[in-house]
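Visitor: I should like to understand how the terms used for a structure are justified. May we examine one together?

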Protein chains: 2
Amino acid sequence: MKRPSEKSQAAVTMRDVATQSGFSPATVSIVLNNAPLARYIAPATKKRIEDTAKKLGYRPNAMARFLRSKRSHSVGVLFFDITDPFCTLIMRGVENALYQASYLAIFADAHNQRNRFERYLELLLERHVEGLIVVANWLFVDIHVLADLSKRNIPSATIGWELPGNNISSVMVDNETGARLALEHLHQLGHRKIAFIRGPKMLIDSAPRWRGIQKFAHGAGLEIDPALVLQLPESLDPNSSFESGYRYTEDLLEQRKKFTAVMAFDDLTALGAIRALTKAGVKVPEHCSVTGFDDIALSSLAAPSLTTVRQPMEAMGALAVNIVMDGINAALEKRDWNVVNQKMNPELVIRDSTRAVSLTGGDD
Amino acid sequence: MKRPSEKSQAAVTMRDVATQSGFSPATVSIVLNNAPLARYIAPATKKRIEDTAKKLGYRPNAMARFLRSKRSHSVGVLFFDITDPFCTLIMRGVENALYQASYLAIFADAHNQRNRFERYLELLLERHVEGLIVVANWLFVDIHVLADLSKRNIPSATIGWELPGNNISSVMVDNETGARLALEHLHQLGHRKIAFIRGPKMLIDSAPRWRGIQKFAHGAGLEIDPALVLQLPESLDPNSSFESGYRYTEDLLEQRKKFTAVMAFDDLTALGAIRALTKAGVKVPEHCSVTGFDDIALSSLAAPSLTTVRQPMEAMGALAVNIVMDGINAALEKRDWNVVNQKMNPELVIRDSTRAVSLTGGDD
DNA sequence: TTGTATGCGTTATCAC
DNA sequence: GTGATAACGCATACAA
């Protein structure tokens, strides 16, 4: 049982340290912040002040400091949907980079809801975040948000998507290269009849990945059978692609299409596909190879573990922070800064779900 | 390219709204906050003020407001390790409950590092969070943190662990019941030779789960073969139990022990076990059933999908928020409030990794 | 080398 | 019904 009376231990303020140590608040401020003028303060004074501060358990009041200095030392990080499996690592990357810079990340989760997104944006602005990072792969945001973001001159970066018009910095994986890597891998393993499960139209990643596939196919003389090309439906639930991958693959099998590999849009789709294949008695990778995209945490643990294209999530988060911090510093130093649209290199991770096509064993 | 000059659009303040609308700052404050005194303000005045506020795009300055009102409208949420798979849903639960209460969650990730934990704690206190939630399942924190937390009279709750001494509220799953549910399920399916992979000693969940197992075994006359009882090693990496589950099960198989089921400490361990079994040609669930604990996102997607005991993570997060909010409100209203140590009911989720023991087919 | 005074944007207590 | 005014805790220009 807590008595409210216990609560009345008033916070110790700078003035307290000042009176206790016998100096003025100004001097205390200078010393404790190690401000430029601290150079001229007598060492003995410094020590006295620091000691009493520690003795009294002085803790600076961030609100007051921010109000005065106009700097909140925080960066807002707005996620469209935090349950999307790749968010965790992005958070890590972002948080870590901000921590190095002595900034605090303020994470917000829009639950894929437009009004929630806007509400949180407002909240973050009220709290005067010095920078903003927006994480999403959905394109359902319309131009208003763009206007919002670029109008308020606060350094921003997006991760996993781009706004049209190049007004805002972005960090994305190089989807085209990633798709090429995966397809190249399958091709090298001898696969020629490959089923493709493309991403939903609404996802910004879908088009470039498909482009990567087409370009490689064209270059390598690989034929893409339109009957083996499917496209995921639009959905707001980031975890729904497992179900879709499962169902689509099931359909493919029922139609007795021949293929020796499935190249799925992302890892969840791939895992769904594997599940359908396995259930139908088609062994992965013996009878059919499967590739994913993302390298979410599950992929290495799945059975068979998934060959996939890794997005460097942590690095992407860190890079976004660097971009934003550069903007912040630029404004401080009254420098110009540039909008950058960076594509990061993906990495092919070869695991157990792909294998050279066997001459004897076959498609179901 | 951003010109710093663009930046110089000074934020519009309450005073601006006041002068523009022709009223005093005091009146503006009363109107915009819908304070009690707003009752006495002429409707026309209200409208004028609200209109000009909107026209100017006035946004209240949270720092100033907090400095004055002493209320930050935020709650700190300190995770020991955010990559632990169950953190995402806890975040959801916490964030959602706080959102309802118009509070902002400030998430921090200690990376399992003591100094980082303390640094973030300090940061949160500097920012005057009104409440604190600490999420962990590791017990490596020593008494100092306890002292820290309960000394600074700020309403707090822990999720997934308890501090000795009952000084701080906590929300945990009822581990004993959960373990009983899983074992009961296996028992009902006819399993009698069951291998157990216990949790590491350092984890607070380990002991009660084992107790649940023992109690049920005793009550049901089920014999526990000590040769089939293993214990996970201590580890700071929340994702390492997959590897351990794999290795331990492999060992068990190599020693040609007979068992028809594996009851694993958690889902990752269970998935590791399944992987080992499958690799050795032991089919799950035909030849061997496996159960987990937690119901992390992977578990429903794995092949076979995992029978497990679900921890109601979101609900646990929400409950922690309610506890903390009650503390906050109690302090505001100068009421007393109670430390509560709540155990939430787990739920058995039956999926494809368990099956009635077959009379014909057998262990390995 | 240190102290005084002022203001950041708000809210709350009074007075009118 | 509305307007002065003070104060929250800190940082800084300027004075000493």
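Guide: In this predicted model, α2 and α4 of chain A and α2 and α4 of chain B each supply at least two residues of the surface near DNA strand D. The largest share of that surface, 3 residues, comes from α4(A).

Visitor: What makes a residue count as near DNA strand D?

Guide: A residue is near a strand if one of its heavy atoms lies within 4 Å of it. There are 23 residues around DNA strand D, and Met14(A), Tyr58(A), Arg68(A), Tyr40(B) and Lys70(B) come nearest.

Visitor: Which parts of DNA strand D come within 4 Å of the protein?

Guide: Sugar or phosphate accounts for 71% of the atoms of DNA strand D within that distance, and bases make up the rest.

Visitor: Why is the approach of Ser29(A) to DNA strand D called a polar contact?

Guide: A polar contact requires a pair of N or O atoms within 3.5 Å. A polar side-chain atom of Ser29(A) lies 3.1 Å from a phosphate oxygen of the strand, so the pair qualifies. The side chain of Asn33(A) has an N or O atom 2.9 Å from a phosphate oxygen of DNA strand D, and for Thr27(B) the corresponding distance from a polar side-chain atom is 2.8 Å. Both pairs therefore meet the definition as well.

Visitor: How is the surface near DNA strand D divided by class?

Guide: The division is 11 nonpolar, 8 polar and 4 charged residues.

Visitor: Let us turn to DNA strand C. Which residues come nearest to DNA strand C?

Guide: Of the 24 residues around DNA strand C, the nearest are Thr45(A), Arg68(A), Met14(B), Tyr58(B) and Arg68(B). Sugar and phosphate provide 75% of the atoms of DNA strand C that come within 4 Å of the protein. The helix that gives the most to this surface is α4(B), with 3 residues.

Visitor: How do you know that Arg68(B) is in polar contact with a base of DNA strand C?

Guide: A polar side-chain atom of Arg68(B) lies 2.6 Å from a base oxygen of DNA strand C. That distance is within 3.5 Å, so the pair is a polar contact. With Tyr58(B), the partner is a phosphate oxygen of DNA strand C, 2.7 Å from a polar side-chain atom. Thr13(B) likewise has a side-chain N or O atom 3.1 Å from a phosphate oxygen of the strand. These two pairs also satisfy the cut-off and are therefore polar contacts.

Visitor: How many residues does each chain bring to the contact between the chains?

Guide: Chain A brings 63 residues and chain B brings 63 residues. The area buried between chain A and chain B is about 6,400 Å², and carbon and sulfur atoms give 58% of that area.

Visitor: Why is the pair of Arg59(A) and Glu122(B) called a salt bridge?

Guide: The term requires a side-chain nitrogen of Lys or Arg within 4 Å of a carboxyl oxygen of Asp or Glu. The closest N and O atoms of Arg59(A) and Glu122(B) are 2.5 Å apart, so the pair is a salt bridge. Across the interface of chain A and chain B the rule finds 8 salt bridges, and there are 26 residue pairs in polar contact.

Visitor: Which helix gives the largest share of the side of chain A that touches chain B?

Guide: That helix is α6(A), with 7 residues. By class, this side of chain A has 26 nonpolar, 16 polar and 21 charged residues.

Note on methods: Residues numbered from 1 in each chain as written. Chains lettered and ligands numbered in written order. Predicted model: local features only at pLDDT ≥ 70, side-chain atom pairs only at ≥ 80, totals over all residues. Heavy atoms only, no water. Polar contact = N/O pair within 3.5 Å; in protein donor to acceptor, adjacent residues only side chain to side chain. Helix = DSSP H or I, 4+ residues; strand = E, 2+ residues; numbered from the N terminus. Nonpolar A, V, L, I, M, F, W, Y, C, P; charged D, E, K, R; others polar. Contact = heavy atoms within 4.5 Å. Buried area = accessible area lost by both parts, 1.4 Å probe.
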